[in-house]
Amino acid sequence: NFFCLNLIVGILINNFTENRKLMSANNSLTERQRNYVETVASIGQKLLNMKDPPPTQECRKRLYFVATHPYFERSITSVIILNMIILSTYHYGQTKHWTRMQDIGNYFCTSVFTVEATIKIISYGPKSYFKENWNRFDFMIVALSLTGLLLPGASGISAVRVLRIGRLFRLVHAAKGLQKLFNTMFEGQNLAYFANVGVLCLAVLFMFGVAGVSMFGRLQRTHGLDHNLNFETIDNAML
């Protein structure tokens, strides 16, 4: 884990270095040229961040006021944290009463998220709502959660329920500093860098797996070694 953390930090430092070189290249420009570049960049950023005007209908205007209020977003963040706590309490052999309490908590959280999505869709309008990537992500999680509640016995529904953990990423959207770090990690060529990191980690695991098979592949299945935990094959050794 520490090795992977160093690789991720290395990617961020590399991205910072490239941006610094790009900024240093602007030193060859004159003062007037730099002002022009900064003005164009500022206008482009404002155009990207420009929001649609608030609705004029009285009902939608009130919902828009609720959706854009800071306390509304903080309340939703609190419900997300509550939902993560509920999901973390699942364990093997739990009682039916405990499972019932978890279901009630999940019903409550899903209802809150459904109401939130409904308020935003009505107040923003479907076009403006689905224009933002985070809103599309929120709507997908809500749709999957409702599917899990309405079709509890359907095949493959367990995998759908697992995807509810995706709500944790909404905390990235709520924390501005974390959001900047998240965007930096997944912008431009950084995804390709992470692919290289993944290949390197897989190569290291493969090397240790081969070494494990060579040194411990013929050990008898005793003292903690069984049909799952052993070094007899390369895949078991890598695990």
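These legends describe close-up views of a predicted model of one protein chain.

**Figure 1. Overview of the protein chain.** The chain contains twelve helices and zero strands. Read from the N terminus, its elements follow the order α-α-α-α-α-α-α-α-α-α-α-α. Of the 239 residues in the chain, 23% are buried. Counting contacts between residues at least 6 apart in sequence, 59% join residues at least 24 apart. The views below concern helix 5 and its partners, followed by a site in helix 11.

**Figure 2. Helix 5, residues 96-124.** Helix 5 has 29 residues, which at 1.5 Å a residue should span 42 Å. The C-alpha atoms at its ends are 41 Å apart, in agreement with that value. Its buried residues are Q102, G105, N106, C109, T110, F113, E116, A117, I119, K120, I121 and S123. Charged side chains are therefore not excluded from a listing that rests on a cut-off of under 20% relative accessible area. Just after the helix, G125 has a positive phi of about 95°.

**Figure 3. Helix 4 against helix 5.** Helix 4 covers residues 70-87. Its 18 residues should span 26 Å at 1.5 Å a residue, and its end C-alpha atoms are indeed 26 Å apart. Helix 4 packs on helix 5 at an angle of about 150°, and the two axes are 10 Å apart. The two helices are therefore roughly antiparallel to each other, since angles over 145 degrees count as such. Their crossing is left-handed. On the helix 4 side the contact involves F72, E73, I76, V79, I80, L82, N83, I86 and L87. These meet Q102, G105, N106, F108, C109, V112, F113, E116, I119 and K120 of helix 5. The buried residues in helix 4 are F72, I76, T77, V79, I80, N83, M84, I86 and L87.

**Figure 4. Surroundings of E73 in helix 4.** E73 has a relative accessibility of 24% and so counts as partly exposed. Setting aside neighbours within four places in sequence, E73 is in contact with K120 and R170. K120 belongs to the buried residues of helix 5. E116, also among the buried residues of helix 5, lies 43 residues from E73 in sequence, and the C-alpha atoms of E73 and E116 are 9.5 Å apart in space.

**Figure 5. Helix 3 against helix 5.** Helix 3 is formed by residues 58-67. Helix 3 and helix 5 pack at an angle of about 125°, with 8 Å between their axes. That angle makes helix 3 oblique to helix 5. The crossing of the two helices is left-handed. Helix 3 contributes R60, L63, Y64 and A67 to the contact, and helix 5 contributes I119, K120, I122, S123 and Y124. Of these helix 5 residues, I119, K120 and S123 are listed as buried.

**Figure 6. Helix 7, residues 133-150.** The 18 residues of helix 7 reach 26 Å from the first C-alpha to the last, close to the 26 Å expected at 1.5 Å a residue. The buried residues are W134, N135, D138, I141, V142, S145 and G148. Viewed down the axis of helix 7, these buried residues fall within an arc of 150°, so they line one face of the helix. In an α-helix there are 3.6 residues a turn, so residues three or four places apart point the same way. N133 and L150, on the other side of helix 7, are exposed.

**Figure 7. Helix 5 against helix 7.** The two helices pack at an angle of about 135°, with their axes 10 Å apart. Helix 5 and helix 7 are therefore oblique to each other. The crossing of helix 5 and helix 7 is left-handed. From helix 5, Y107, T110, F113, T114 and I121 take part in the contact. Their partners in helix 7 are F139, V142, S145, L146 and L149. V142 and S145 also appear among the buried residues of helix 7.

**Figure 8. M207 in helix 11.** Helix 11 runs over residues 190-216 and includes M207. M207 is exposed, its relative accessible area being 58%. M238 lies 31 residues from M207 in sequence, and the C-alpha atoms of the two are 8.7 Å apart in space.

Conventions
Residues numbered from 1 in each chain as written. Predicted model: local features only at pLDDT ≥ 70, side-chain atom pairs only at ≥ 80, totals over all residues. Heavy atoms only, no water. Helix = DSSP H or I, 4+ residues; strand = E, 2+ residues; numbered from the N terminus. Expected span 1.5 Å × (residues − 1). Buried < 20%, exposed > 50% of the residue type's maximum accessible area, 1.4 Å probe, protein only. Arc of directions from axis to C-beta. Axes fitted to C-alpha atoms, helices over the stretch in contact; angles between N-to-C directions. Parallel < 35°, antiparallel > 145°, perpendicular 65-115°, else oblique. Left-handed = near helix turned anticlockwise from the far one by under 90°. Contact = heavy atoms within 4.5 Å.
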